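Below are some remarks on the model, set out as numbered points for discussion. Please read them with the sequence and the coordinates at hand.

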Amino acid sequence: MNELLGKIYTLIVKPQSDTVRIERCVDEEVYRLVEPLKERLTDDEMEKLTDLIFAATFTAEQAGFEVGVRFAFKLLSGLLPG
C-alpha cells in the first residue's frame, strides 16, 4: 500500500467508530469460521490460524481503502472540467 495512504488509514480511518464496528463484525466472522476447527487443532494451531486470518483481513482492509481512495479521485477528476 502507498505509505501515505497506509498512514491515513491507520491513524485516521481505522479509529473511526464505523470502522471499529465493521472490524468487530469481521472479527466475529473469523471466529465463527474457525470455531468448527477447535476440535481438530491444538490451541497453538488455532492461535496461529486466527493470527494468519486476521493479518489477511487487515491487508484486505488497507487494500480496500486504497482502491476506494483511488476510485474517488478518478471519479472526481472525471467530473471536473478540463
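1. K7 counts as partly exposed, because its relative accessibility is 46%, a value that falls between the 20% bound for buried residues and the 50% bound for exposed ones. The structure is a predicted model, and this accessibility, like the other values in this note, should be read with that in mind. The side chain of K7 meets that of E3 in a salt bridge, with 3.7 Å from N to O. Both residues belong to helix α1, where they are four residues apart, or about one turn of the helix. E3, for its part, is exposed, with a relative accessible area of 58%.

2. The pair formed by K7 and E3 belongs to a set of seven salt bridges that the structure holds. Which residues are linked with K14 in a network of salt bridges? They are E23 and E61. Between E23 and K14 the closest N and O atoms are 2.4 Å apart, while the salt bridge between the side chains of K14 and E61 has an N to O distance of 3.9 Å. K14 lies in the loop between α1 and α2 (17-34) whereas E61 is in helix α3, so this pair ties together parts that are 47 residues apart in sequence.

3. The accessibility of two members of this network also deserves a remark. E23 counts as buried, since its relative accessibility is 14%, and buried here means under 20%. K14, at 23% relative accessibility, counts as partly exposed.

4. The packing of the helices can be described through α1, which covers residues 3-13, and α3, whose axis is 10 Å from that of α1 and meets it at an angle of about 110°. The angle makes α1 roughly perpendicular to α3, because that term covers 65 to 115 degrees. On the α1 side the contacts involve L5, I8, Y9, T10 and V13, and on the α3 side they involve F58, E61, Q62, F65, E66, V69 and R70. E61 therefore appears both in these contacts and in the salt bridge with K14.

5. Is G6, a residue of helix α1, buried or exposed? G6 counts as buried, at 12% relative accessibility. The C-alpha atoms of G6 and E66 lie 8.1 Å apart in space, although the two residues are separated by 60 residues in sequence.

6. N2 is placed in the segment before α1 and counts as partly exposed, with a relative accessibility of 34%. When residues up to four places away in sequence are not counted, N2 touches E66 and R70, both of which are also among the α3 residues that meet α1. From N2 to T59 the C-alpha separation is 12 Å, with their positions 57 residues apart along the chain.

7. A last point concerns the surface, where F71, L75, L76 and L79 form a nonpolar patch that has about 440 Å² of accessible area together. One of these residues, L76, lies in helix α3, which spans residues 43-79. L76 counts as partly exposed, at 48% relative accessibility, and thus passes the requirement of over 30% relative accessible area for membership of a patch.

Key:
Residues numbered from 1 in each chain as written. Predicted model: local features only at pLDDT ≥ 70, side-chain atom pairs only at ≥ 80, totals over all residues. Heavy atoms only, no water. Patch = residues over 30% accessible without salt bridge, like charges linked within 9 Å, V, L, I, M, F, W, Y side chains within 5 Å. Areas by Shrake-Rupley, 256 points an atom, 1.4 Å probe, with all protein chains shown as cover. Salt bridge = Lys/Arg side-chain N within 4 Å of Asp/Glu carboxyl O. Helix = DSSP H or I, 4+ residues; strand = E, 2+ residues; numbered from the N terminus. Buried < 20%, exposed > 50% of the residue type's maximum accessible area, 1.4 Å probe, protein only. Axes fitted to C-alpha atoms, helices over the stretch in contact; angles between N-to-C directions. Parallel < 35°, antiparallel > 145°, perpendicular 65-115°, else oblique. Contact = heavy atoms within 4.5 Å.
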